[in-house]
Amino acid sequence: MSISQGKKIRLIRESLDMGRAEFSDITGIPKQTLIGYETERTKPGGEALAAVAKVWPEFAAYLLTDETSVKQRNPELEALARELENQKKAS
């Protein structure tokens with residue numbers, strides 16, 4: 001069962017026991033824009049979703065995919081690990 005990202009933002013805000021003004025101040029999403037998302041008049045874009053995920057990364061997977069048990073990976077660190085492994089093999 002998937003709900004809109006706007007409703008998810010509202011659920012996240014409410015789970016944090018925050019009013020719209022406080023959530024807006026913390027994320028940088030204007031309050032009226034936030035109301036538009038939560039009431040589904042407008043859809044949040046990537047910047048808004050990233051703003052929420054940056055402050056509360058524990059909600060990122062849920063916000064984007066509905067998943068809550070996701071193992072996160074960092075491709076930058078994986079590339080560094082491969083590079084180090086290749087350097088070890090070369091020496």
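Okay, a definition to start: helices (H or I, at least four residues) and strands (E, at least two) are DSSP runs, numbered from the N terminus. With that in hand, arginine 41 sits in the loop between α3 and α4, and I'll come back to that residue.

Some housekeeping. This is a predicted model, so please keep in mind that local features need pLDDT of at least 70 and side-chain atom pairs count only at pLDDT 80 or more, while totals for chains, interfaces and linings use all residues. Residues are numbered from 1 along each chain as its sequence is written, and side-chain values use heavy atoms, with hydrogens and water left out.

Now the overall picture. The protein has six helices and zero strands, so to speak α-α-α-α-α-α from the N terminus on. How does the radius of gyration look? The protein has 18 Å, where a compact globule of 91 residues would be near 12 Å. That radius is taken over C-alpha atoms, and the globule rule is 2.2 Å times the number of residues to the power 0.38. The C-alpha trace spans about 60 × 30 × 25 Å along its principal axes.

What about burial? Of the 91 residues, 29% count as buried. Buried means under 20% relative accessible area, exposed over 50%, and partly exposed in between (1.4 Å probe, protein chains only). As for contacts, meaning heavy atoms within 4.5 Å, take those with a separation of 6 or more: residues 24 or more positions apart account for 52% of them.

On to the inside. A nonpolar core here is a set of buried Ala, Val, Leu, Ile, Met, Phe, Trp, Tyr and Cys residues joined through side-chain atoms within 4.5 Å. The largest one has 14 residues, and Ile9, Ile12, Phe23, Ile29, Val52, Trp56 and Leu63 touch the most other members. Two or more residues each come from α1 (5-15), α3 (31-38) and α4 (46-55), and α4 gives the largest share, four residues.

Have a look at phenylalanine 23. Leaving aside neighbours within four places in sequence, phenylalanine 23 is in contact with Ile9, Ile12, Arg13, Leu16, Met18, Leu34, Val52 and Trp56.

Next, a lysine in helix α1, lysine 8. Is lysine 8 buried or exposed? Lysine 8 counts as buried, because its relative accessibility is 3%. Its contacts, again without neighbours up to four places away, are Ile3, Tyr62, Leu63, Thr65 and Asp66.

Back to arginine 41, as promised. Arginine 41 counts as exposed because its relative accessible area is 58%. Not counting residues up to four places away in sequence, arginine 41 touches Ile35 and Gly36. Arginine 82 is 41 residues along the chain from arginine 41, and their C-alpha atoms are separated by 46 Å.

Right beside that arginine in the numbering, glutamate 40 lies in the loop between α3 and α4 too. Glutamate 40 has a positive phi of about 65 degrees without being a glycine. For background, most residues other than glycine have a negative phi. Glutamate 40 is partly exposed, at 43% relative accessible area.

Aspartate 17 is in the loop between α1 and α2 (20-27). What is the phi of aspartate 17 near? Phi is near 55 degrees there, a positive value in a residue other than glycine. Aspartate 17 counts as exposed, since its relative accessible area is 70%.

That's my tour; over to you for discussion.
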